[in-house]
Amino acid sequence: MIGQTVSSCAASAAVIPSVTSDEPLSGFEGAEKKMEIIFSVPEKTTEADTQGLRVFGLDHWKAVVATLNGSILKHNNLEHYDAYLISESSLFVYPDRVVILTCGTTTLLRALPSILESGKKIGYEMCWFQFSRKNFLYPEEQHFPHTSFDEEVKYCTDMFLDGHAHVLGPITGDHWYVYVVDRIGREMVSGQCLDRRQSFNLYMYGMDQDVAQLFIKAEPMILPSILEKDSKDEGVIMAKNTSGASFSFVTTSQEATDRSGIGSLMDEDNGSVVHDHLFDPCGYSMNGLAGKDRYWTIHITPEAHCSYVSFETNLNADSYDQLVSRVLATFQPRRATLVVQSGRLAPCRLACGPGAVVAAPEVEGYSVSGESLTDVTKGYTVQLVNFQAVESDSGTWTPGSQSSIECSQLSMECSQLSME
(Lines give C-alpha, C1' and ligand atoms only; values in the text may rest on other atoms or scores of the structure.)
Protein backbone atom coordinates (compact mmCIF):
# COMPACT_ATOMS: atom_id res chain seq x y z
CA MET A 1 0.00 0.00 0.00
CA ILE A 2 2.80 2.27 0.20
CA GLY A 3 6.27 2.29 -0.90
CA GLN A 4 7.82 -0.70 -2.55
CA THR A 5 9.35 -2.28 0.52
CA VAL A 6 8.08 -0.20 3.43
CA SER A 7 5.07 -0.77 5.65
CA SER A 8 2.01 1.39 5.33
CA CYS A 9 1.68 3.05 8.70
CA ALA A 10 5.39 2.81 9.43
CA ALA A 11 6.43 4.88 6.46
CA SER A 12 4.48 7.92 7.57
CA ALA A 13 5.44 7.74 11.24
CA ALA A 14 8.25 10.15 12.01
CA VAL A 15 8.83 9.24 15.67
CA ILE A 16 7.17 6.30 17.41
CA PRO A 17 6.50 7.09 21.10
CA SER A 18 6.72 4.50 23.84
CA VAL A 19 3.67 2.53 24.92
CA THR A 20 3.13 4.82 27.88
CA SER A 21 3.57 8.05 25.93
CA ASP A 22 0.72 10.58 25.84
CA GLU A 23 1.73 11.67 22.35
CA PRO A 24 -0.75 10.71 19.59
CA LEU A 25 0.40 8.06 17.16
CA SER A 26 0.96 9.19 13.61
CA GLY A 27 -0.63 6.77 11.20
CA PHE A 28 -1.01 5.77 7.60
CA GLU A 29 -4.10 6.98 5.72
CA GLY A 30 -5.70 3.81 4.43
CA ALA A 31 -8.81 5.39 2.92
CA GLU A 32 -8.45 5.50 -0.85
CA LYS A 33 -9.05 8.35 -3.22
CA LYS A 34 -10.68 7.00 -6.37
CA MET A 35 -11.18 8.18 -9.95
CA GLU A 36 -13.25 6.56 -12.67
CA ILE A 37 -12.89 8.05 -16.14
CA ILE A 38 -15.06 6.63 -18.95
CA PHE A 39 -14.65 7.56 -22.60
CA SER A 40 -17.18 7.39 -25.41
CA VAL A 41 -15.92 5.16 -28.20
CA PRO A 42 -16.33 6.44 -31.79
CA GLU A 43 -19.02 4.49 -33.66
CA LYS A 44 -16.67 3.80 -36.57
CA THR A 45 -14.14 2.04 -34.36
CA THR A 46 -12.86 -1.04 -36.16
CA GLU A 47 -12.28 -4.42 -34.61
CA ALA A 48 -8.55 -3.77 -34.79
CA ASP A 49 -9.06 -0.66 -32.61
CA THR A 50 -11.04 -2.40 -29.86
CA GLN A 51 -8.03 -2.42 -27.55
CA GLY A 52 -8.76 1.22 -26.85
CA LEU A 53 -6.88 2.44 -23.79
CA ARG A 54 -5.26 -0.97 -23.44
CA VAL A 55 -3.08 -0.10 -26.42
CA PHE A 56 -0.90 1.86 -24.00
CA GLY A 57 1.70 -0.40 -22.43
CA LEU A 58 3.30 -0.76 -19.03
CA ASP A 59 5.73 2.15 -19.50
CA HIS A 60 2.85 4.51 -20.26
CA TRP A 61 0.95 3.64 -17.10
CA LYS A 62 4.15 3.75 -15.04
CA ALA A 63 4.51 7.38 -16.10
CA VAL A 64 0.86 8.13 -15.25
CA VAL A 65 1.17 6.55 -11.80
CA ALA A 66 4.39 8.46 -11.17
CA THR A 67 2.49 11.76 -11.44
CA LEU A 68 0.62 10.89 -8.24
CA ASN A 69 3.77 9.71 -6.43
CA GLY A 70 3.15 6.00 -6.87
CA SER A 71 4.74 3.08 -8.69
CA ILE A 72 3.53 -0.14 -10.29
CA LEU A 73 4.45 -3.34 -8.41
CA LYS A 74 2.69 -6.02 -10.46
CA HIS A 75 0.51 -6.22 -13.56
CA ASN A 76 -1.51 -8.75 -15.53
CA ASN A 77 -3.12 -8.44 -18.95
CA LEU A 78 -6.45 -10.24 -18.60
CA GLU A 79 -8.92 -11.00 -21.35
CA HIS A 80 -11.11 -7.94 -20.82
CA TYR A 81 -8.94 -5.50 -18.85
CA ASP A 82 -5.43 -4.89 -17.53
CA ALA A 83 -4.91 -5.06 -13.75
CA TYR A 84 -2.10 -3.19 -12.03
CA LEU A 85 -1.17 -3.47 -8.37
CA ILE A 86 0.47 -0.20 -7.46
CA SER A 87 2.41 0.93 -4.42
CA GLU A 88 -0.60 2.90 -3.30
CA SER A 89 -3.47 0.53 -4.26
CA SER A 90 -4.83 -0.41 -7.73
CA LEU A 91 -5.30 0.56 -11.37
CA PHE A 92 -7.66 -1.11 -13.83
CA VAL A 93 -7.57 -0.26 -17.52
CA TYR A 94 -10.46 -1.29 -19.77
CA PRO A 95 -10.71 -0.40 -23.48
CA ASP A 96 -13.03 2.53 -22.68
CA ARG A 97 -12.26 3.43 -19.06
CA VAL A 98 -9.72 3.79 -16.30
CA VAL A 99 -10.40 3.03 -12.63
CA ILE A 100 -7.66 4.03 -10.22
CA LEU A 101 -7.62 4.16 -6.43
CA THR A 102 -4.73 5.27 -4.24
CA CYS A 103 -4.25 5.63 -0.50
CA GLY A 104 -1.78 7.40 1.78
CA THR A 105 -0.76 10.93 0.81
CA THR A 106 -0.82 10.34 -2.93
CA THR A 107 -1.99 13.21 -5.13
CA LEU A 108 -4.42 11.25 -7.26
CA LEU A 109 -6.11 14.15 -9.05
CA ARG A 110 -2.77 15.22 -10.50
CA ALA A 111 -2.89 12.10 -12.68
CA LEU A 112 -6.18 13.19 -14.28
CA PRO A 113 -4.69 15.34 -17.10
CA SER A 114 -2.45 12.46 -18.20
CA ILE A 115 -5.39 10.04 -18.33
CA LEU A 116 -7.57 12.49 -20.28
CA GLU A 117 -4.70 13.03 -22.71
CA SER A 118 -4.39 9.26 -23.16
CA GLY A 119 -8.00 9.15 -24.36
CA LYS A 120 -7.49 12.05 -26.75
CA LYS A 121 -4.51 10.33 -28.36
CA ILE A 122 -6.77 7.53 -29.61
CA GLY A 123 -9.70 9.78 -30.52
CA TYR A 124 -11.82 9.15 -27.42
CA GLU A 125 -13.84 11.80 -25.59
CA MET A 126 -14.59 11.64 -21.87
CA CYS A 127 -18.25 10.99 -21.07
CA TRP A 128 -18.03 10.25 -17.33
CA PHE A 129 -15.73 11.40 -14.56
CA GLN A 130 -16.05 10.52 -10.90
CA PHE A 131 -13.80 11.37 -7.99
CA SER A 132 -14.73 9.94 -4.61
CA ARG A 133 -13.27 9.14 -1.22
CA LYS A 134 -14.05 8.34 2.39
CA ASN A 135 -13.31 10.99 5.02
CA PHE A 136 -9.68 10.87 6.17
CA LEU A 137 -8.34 9.87 9.58
CA TYR A 138 -5.34 12.20 9.11
CA PRO A 139 -6.50 15.02 6.81
CA GLU A 140 -3.69 17.29 7.97
CA GLU A 141 -1.15 14.97 6.34
CA GLN A 142 -2.57 15.33 2.81
CA HIS A 143 -0.98 17.35 0.01
CA PHE A 144 -2.50 19.64 -2.60
CA PRO A 145 -5.07 19.24 -4.05
CA HIS A 146 -6.29 16.85 -1.34
CA THR A 147 -6.03 19.08 1.70
CA SER A 148 -9.84 19.32 1.83
CA PHE A 149 -12.87 18.36 -0.23
CA ASP A 150 -13.39 22.03 -1.05
CA GLU A 151 -9.91 22.11 -2.56
CA GLU A 152 -10.58 18.90 -4.50
CA VAL A 153 -13.84 20.29 -5.87
CA LYS A 154 -12.10 23.50 -6.91
CA TYR A 155 -9.39 21.49 -8.69
CA CYS A 156 -12.06 19.53 -10.58
CA THR A 157 -14.21 22.54 -11.45
CA ASP A 158 -11.16 24.28 -12.90
CA MET A 159 -11.17 21.43 -15.46
CA PHE A 160 -14.91 20.78 -15.79
CA LEU A 161 -17.74 23.32 -15.73
CA ASP A 162 -20.54 20.76 -15.48
CA GLY A 163 -19.63 18.75 -12.37
CA HIS A 164 -21.61 18.23 -9.17
CA ALA A 165 -20.33 17.53 -5.65
CA HIS A 166 -22.13 15.58 -2.91
CA VAL A 167 -21.49 14.42 0.65
CA LEU A 168 -23.22 11.36 2.11
CA GLY A 169 -23.31 10.50 5.79
CA PRO A 170 -22.79 12.53 8.97
CA ILE A 171 -20.04 15.14 8.79
CA THR A 172 -19.30 14.37 12.46
CA GLY A 173 -18.88 10.66 11.71
CA ASP A 174 -18.15 8.32 8.83
CA HIS A 175 -19.02 10.04 5.55
CA TRP A 176 -18.19 9.86 1.85
CA TYR A 177 -17.45 12.52 -0.77
CA VAL A 178 -18.17 12.32 -4.49
CA TYR A 179 -17.77 14.65 -7.49
CA VAL A 180 -19.37 13.63 -10.80
CA VAL A 181 -19.33 14.87 -14.39
CA ASP A 182 -21.98 13.11 -16.51
CA ARG A 183 -21.85 13.52 -20.30
CA ILE A 184 -23.23 10.09 -21.22
CA GLY A 185 -25.27 10.04 -24.41
CA ARG A 186 -28.22 7.98 -23.22
CA GLU A 187 -29.87 7.99 -26.63
CA MET A 188 -27.11 5.60 -27.74
CA VAL A 189 -26.90 1.90 -26.93
CA SER A 190 -23.48 2.45 -25.36
CA GLY A 191 -25.00 5.04 -23.02
CA GLN A 192 -27.71 2.63 -21.92
CA CYS A 193 -25.03 0.02 -21.22
CA LEU A 194 -23.27 2.46 -18.90
CA ASP A 195 -26.50 2.90 -16.95
CA ARG A 196 -26.27 -0.79 -16.01
CA ARG A 197 -23.13 -0.14 -13.97
CA GLN A 198 -23.00 -0.73 -10.25
CA SER A 199 -20.23 -0.99 -7.68
CA PHE A 200 -19.71 -2.08 -4.08
CA ASN A 201 -17.30 -0.53 -1.59
CA LEU A 202 -16.85 -1.54 2.04
CA TYR A 203 -14.54 0.55 4.23
CA MET A 204 -13.64 -1.13 7.54
CA TYR A 205 -11.96 0.09 10.72
CA GLY A 206 -10.75 -1.63 13.89
CA MET A 207 -10.03 -5.05 12.38
CA ASP A 208 -9.90 -7.97 14.82
CA GLN A 209 -6.31 -8.52 16.00
CA ASP A 210 -6.33 -12.23 15.13
CA VAL A 211 -7.09 -11.23 11.55
CA ALA A 212 -4.77 -8.20 11.49
CA GLN A 213 -1.69 -10.23 12.45
CA LEU A 214 -2.08 -12.26 9.25
CA PHE A 215 -0.93 -9.18 7.32
CA ILE A 216 2.27 -8.67 9.30
CA LYS A 217 5.29 -10.18 7.60
CA ALA A 218 7.51 -12.42 9.71
CA GLU A 219 11.24 -12.27 9.00
CA PRO A 220 13.09 -13.96 11.90
CA MET A 221 16.37 -12.36 10.85
CA ILE A 222 14.76 -8.93 10.97
CA LEU A 223 12.38 -9.31 13.91
CA PRO A 224 14.28 -11.62 16.30
CA SER A 225 13.17 -9.86 19.46
CA ILE A 226 9.47 -10.63 19.11
CA LEU A 227 9.34 -13.81 17.05
CA GLU A 228 9.42 -17.44 18.06
CA LYS A 229 8.50 -20.69 16.34
CA ASP A 230 5.23 -22.26 17.40
CA SER A 231 6.12 -25.77 18.53
CA LYS A 232 2.72 -27.10 17.46
CA ASP A 233 2.93 -25.91 13.87
CA GLU A 234 6.26 -25.45 12.13
CA GLY A 235 4.53 -23.48 9.38
CA VAL A 236 3.31 -20.71 11.68
CA ILE A 237 5.58 -18.11 13.21
CA MET A 238 4.45 -16.70 16.55
CA ALA A 239 5.48 -13.60 18.45
CA LYS A 240 5.12 -12.45 22.03
CA ASN A 241 5.09 -8.87 23.24
CA THR A 242 5.97 -7.84 26.79
CA SER A 243 2.46 -8.60 28.02
CA GLY A 244 2.91 -12.25 27.03
CA ALA A 245 0.22 -12.31 24.37
CA SER A 246 1.02 -14.44 21.32
CA PHE A 247 0.67 -13.32 17.73
CA SER A 248 0.73 -15.32 14.50
CA PHE A 249 2.46 -13.87 11.43
CA VAL A 250 2.91 -14.89 7.80
CA THR A 251 5.92 -15.01 5.51
CA THR A 252 4.39 -14.65 2.02
CA SER A 253 1.48 -12.91 0.35
CA GLN A 254 0.08 -16.30 -0.70
CA GLU A 255 0.02 -17.40 2.93
CA ALA A 256 -1.78 -14.21 3.94
CA THR A 257 -4.32 -14.72 1.16
CA ASP A 258 -4.99 -18.34 2.11
CA ARG A 259 -5.00 -18.12 5.90
CA SER A 260 -7.17 -15.00 6.04
CA GLY A 261 -9.83 -16.50 3.79
CA ILE A 262 -9.37 -13.86 1.10
CA GLY A 263 -8.56 -16.52 -1.49
CA SER A 264 -12.04 -18.05 -1.23
CA LEU A 265 -13.95 -14.87 -0.46
CA MET A 266 -15.41 -14.53 -3.97
CA ASP A 267 -15.80 -18.22 -4.82
CA GLU A 268 -19.58 -17.84 -5.01
CA ASP A 269 -19.13 -15.12 -7.66
CA ASN A 270 -16.62 -17.05 -9.78
CA GLY A 271 -13.85 -14.89 -8.36
CA SER A 272 -10.12 -15.54 -8.37
CA VAL A 273 -6.97 -13.78 -7.11
CA VAL A 274 -4.92 -12.27 -9.95
CA HIS A 275 -2.03 -11.04 -7.83
CA ASP A 276 -1.33 -10.19 -4.19
CA HIS A 277 1.46 -8.44 -2.29
CA LEU A 278 2.62 -8.46 1.34
CA PHE A 279 4.55 -5.36 2.34
CA ASP A 280 7.56 -5.16 4.66
CA PRO A 281 7.04 -5.29 7.55
CA CYS A 282 3.24 -5.12 7.29
CA GLY A 283 0.39 -4.27 4.93
CA TYR A 284 -1.34 -6.17 2.12
CA SER A 285 -2.90 -5.53 -1.29
CA MET A 286 -4.55 -7.74 -3.91
CA ASN A 287 -6.43 -7.57 -7.21
CA GLY A 288 -8.85 -10.21 -8.40
CA LEU A 289 -11.05 -11.21 -11.33
CA ALA A 290 -14.78 -11.59 -10.69
CA GLY A 291 -16.92 -13.31 -13.29
CA LYS A 292 -15.81 -12.71 -16.87
CA ASP A 293 -14.79 -9.06 -16.88
CA ARG A 294 -15.19 -7.58 -13.37
CA TYR A 295 -12.57 -6.77 -10.74
CA TRP A 296 -12.35 -6.97 -6.99
CA THR A 297 -9.62 -5.52 -4.85
CA ILE A 298 -8.62 -5.45 -1.17
CA HIS A 299 -6.13 -3.19 0.63
CA ILE A 300 -5.16 -3.58 4.29
CA THR A 301 -3.34 -1.52 6.89
CA PRO A 302 -3.08 -3.82 9.96
CA GLU A 303 -1.51 -1.49 12.56
CA ALA A 304 -3.92 -1.08 15.47
CA HIS A 305 -3.91 2.71 15.70
CA CYS A 306 -4.65 3.13 11.97
CA SER A 307 -6.31 -0.21 11.25
CA TYR A 308 -8.14 -0.17 7.91
CA VAL A 309 -9.44 -2.56 5.27
CA SER A 310 -11.14 -1.73 1.99
CA PHE A 311 -13.00 -4.09 -0.31
CA GLU A 312 -14.23 -2.98 -3.73
CA THR A 313 -15.80 -4.67 -6.74
CA ASN A 314 -17.73 -3.66 -9.85
CA LEU A 315 -19.44 -7.05 -9.99
CA ASN A 316 -23.08 -6.74 -11.07
CA ALA A 317 -25.43 -8.58 -8.70
CA ASP A 318 -29.11 -8.52 -7.83
CA SER A 319 -28.13 -8.21 -4.18
CA TYR A 320 -24.92 -7.59 -2.24
CA ASP A 321 -26.35 -8.79 1.09
CA GLN A 322 -24.40 -12.06 1.19
CA LEU A 323 -21.20 -10.35 0.08
CA VAL A 324 -21.47 -7.78 2.88
CA SER A 325 -21.85 -10.58 5.42
CA ARG A 326 -18.91 -12.57 4.02
CA VAL A 327 -16.55 -9.61 3.98
CA LEU A 328 -17.44 -8.44 7.49
CA ALA A 329 -17.12 -12.01 8.82
CA THR A 330 -13.66 -12.26 7.23
CA PHE A 331 -12.18 -9.11 8.78
CA GLN A 332 -14.43 -8.57 11.85
CA PRO A 333 -14.06 -4.79 12.07
CA ARG A 334 -15.49 -2.64 14.86
CA ARG A 335 -17.23 -0.41 12.33
CA ALA A 336 -17.70 -0.22 8.58
CA THR A 337 -19.14 1.98 5.85
CA LEU A 338 -20.86 0.44 2.84
CA VAL A 339 -21.23 2.46 -0.36
CA VAL A 340 -23.24 1.02 -3.26
CA GLN A 341 -23.45 2.94 -6.53
CA SER A 342 -25.94 1.97 -9.21
CA GLY A 343 -27.26 3.25 -12.52
CA ARG A 344 -30.97 3.28 -13.31
CA LEU A 345 -30.69 -0.02 -15.24
CA ALA A 346 -28.35 -1.77 -12.77
CA PRO A 347 -29.38 -5.30 -11.70
CA CYS A 348 -29.55 -4.38 -8.00
CA ARG A 349 -32.02 -1.60 -8.83
CA LEU A 350 -34.16 -3.60 -11.24
CA ALA A 351 -34.37 -6.50 -8.78
CA CYS A 352 -36.15 -4.23 -6.30
CA GLY A 353 -38.79 -3.06 -8.79
CA PRO A 354 -39.45 0.38 -10.29
CA GLY A 355 -38.78 3.23 -7.91
CA ALA A 356 -37.81 0.94 -5.03
CA VAL A 357 -34.82 1.66 -2.80
CA VAL A 358 -32.29 -1.08 -2.07
CA ALA A 359 -32.76 -1.97 1.60
CA ALA A 360 -29.78 -1.89 3.96
CA PRO A 361 -28.59 -5.47 4.54
CA GLU A 362 -29.01 -7.10 7.93
CA VAL A 363 -25.66 -8.46 9.13
CA GLU A 364 -25.24 -10.68 12.17
CA GLY A 365 -23.17 -8.99 14.87
CA TYR A 366 -23.70 -5.49 13.46
CA SER A 367 -26.30 -2.76 13.73
CA VAL A 368 -26.99 0.01 11.22
CA SER A 369 -25.96 3.34 12.74
CA GLY A 370 -26.93 5.52 9.78
CA GLU A 371 -28.03 5.59 6.15
CA SER A 372 -27.89 8.12 3.31
CA LEU A 373 -29.20 7.97 -0.25
CA THR A 374 -28.95 10.43 -3.12
CA ASP A 375 -29.11 10.64 -6.90
CA VAL A 376 -25.82 12.17 -7.96
CA THR A 377 -26.92 12.49 -11.59
CA LYS A 378 -29.67 11.29 -13.98
CA GLY A 379 -30.81 8.28 -12.01
CA TYR A 380 -27.32 7.27 -10.86
CA THR A 381 -27.80 6.57 -7.16
CA VAL A 382 -25.36 6.32 -4.27
CA GLN A 383 -26.37 4.61 -1.05
CA LEU A 384 -24.30 4.78 2.15
CA VAL A 385 -24.81 2.55 5.19
CA ASN A 386 -22.76 2.81 8.38
CA PHE A 387 -22.40 -0.36 10.49
CA GLN A 388 -21.33 -0.68 14.12
CA ALA A 389 -20.34 -3.93 15.84
CA VAL A 390 -22.90 -4.86 18.48
CA GLU A 391 -21.78 -5.02 22.11
CA SER A 392 -22.50 -8.17 24.06
CA ASP A 393 -24.11 -8.25 27.50
CA SER A 394 -20.64 -8.30 29.06
CA GLY A 395 -19.77 -5.02 27.35
CA THR A 396 -17.37 -6.50 24.83
CA TRP A 397 -17.89 -5.93 21.13
CA THR A 398 -18.74 -8.65 18.70
CA PRO A 399 -17.78 -10.31 16.43
CA GLY A 400 -14.45 -10.99 18.08
CA SER A 401 -12.70 -8.90 20.71
CA GLN A 402 -9.15 -7.71 21.20
CA SER A 403 -6.85 -5.96 23.63
CA SER A 404 -6.15 -2.52 22.21
CA ILE A 405 -3.06 -2.15 24.40
CA GLU A 406 -1.54 -5.42 23.20
CA CYS A 407 -2.38 -4.73 19.57
CA SER A 408 -1.12 -1.15 19.74
CA GLN A 409 2.10 -2.32 21.34
CA LEU A 410 2.66 -4.81 18.52
CA SER A 411 1.90 -2.08 16.01
CA MET A 412 4.56 0.16 17.46
CA GLU A 413 7.09 -2.67 17.60
CA CYS A 414 6.40 -3.34 13.94
CA SER A 415 6.74 0.37 13.07
CA GLN A 416 9.95 0.81 15.05
CA LEU A 417 11.56 -2.15 13.34
CA SER A 418 10.69 -0.77 9.92
CA MET A 419 12.58 2.41 10.69
CA GLU A 420 15.76 0.80 11.99
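**Notebook: spaces and a helix**

I began with the largest cavity, and by class its lining has five nonpolar, four polar and four charged residues. I note here that this is a predicted model.

**Entry: the enclosed space**

I wanted to know how much room that cavity holds: its volume is about 90 Å³. Its lining comes from 13 residues, and Glu32, Lys34, Asn201, Tyr203 and Glu312 are the ones nearest the centre. I then looked up the elements behind this lining. At least two residues each come from β6, β9 and β16, the last of these spanning 308–313.

How many cavities of 30 Å³ or more does a search of the whole structure find? I found two listed. I jotted down a general reminder as well: rolling a probe the size of a water molecule over the atoms shows where empty space is left.

**Entry: the open space**

Next I turned to the largest pocket, whose volume is about 920 Å³. Of the 41 residues lining this pocket, Ile38, Asp96, Arg97, Cys193 and Leu194 are the closest to the centre. I checked which elements give two or more residues to the lining, and they are β1 (33–40), β5 (97–102), β6 (125–134), α5 (189–194), β9 (198–205) and β15 (294–301). Which element gives the largest share? It is β1, with five residues. I sorted the pocket lining by class too, and wrote down 15 nonpolar, 13 polar and 13 charged residues.

Happily, two names turn up again: β6 and β9 are on the list for the pocket, and both are on the list for the cavity.

**Entry: helix α4**

I moved on to α4, which runs over residues 149–157, and asked which of its residues are buried. They are Phe149, Glu152, Val153, Tyr155 and Cys156. Why do these sit on the same side of α4? They do so because the arc they cover around the axis is only 160°. A general point helped me here: an α-helix has 3.6 residues a turn, so residues three or four places apart point the same way.

I also looked up what the buried residues of α4 pack against, and noted α3 (112–121), β6, β7 (163–168) and β8 (176–182). So β6 belongs in this entry because the buried side of α4 packs against it.

**Entry: the whole chain**

Last, I stepped back to the protein chain, where I counted 10 helices and 19 strands. The chain has 420 residues, and 55% of them are buried. Among contacts with a separation of 6 or more, 67% join residues 24 or more positions apart. The chain exposes about 17400 Å², and carbon and sulfur atoms supply 50% of that.

Terms used
Residues are numbered from 1 along each chain as its sequence is written. This is a predicted model: local features need pLDDT of at least 70, side-chain atom pairs count only at pLDDT 80 or more; totals for chains, interfaces and linings use all residues. Side-chain values use heavy atoms; hydrogens and water are left out. On a 1 Å grid over the protein atoms alone, a cavity is a set of points where a 1.4 Å probe fits but cannot get out, and a pocket is an open set with protein on both sides within 12 Å along at least five of seven lines; lining residues have an atom within 4 Å of a point. Grid points are joined across faces, edges and corners, and a volume is the space filled by probe spheres set on the points. Helices (H or I, at least four residues) and strands (E, at least two) are DSSP runs, numbered from the N terminus. Ala, Val, Leu, Ile, Met, Phe, Trp, Tyr, Cys and Pro count as nonpolar, Asp, Glu, Lys and Arg as charged, and the others, Gly among them, as polar. Buried means under 20% relative accessible area, exposed over 50%, partly exposed in between (1.4 Å probe, protein chains only). The arc is that of the directions from the helix axis to the C-beta atoms. Contact means heavy atoms within 4.5 Å. Accessible areas come from the Shrake-Rupley method with a 1.4 Å probe; for residues, only the protein chains shown count as cover.
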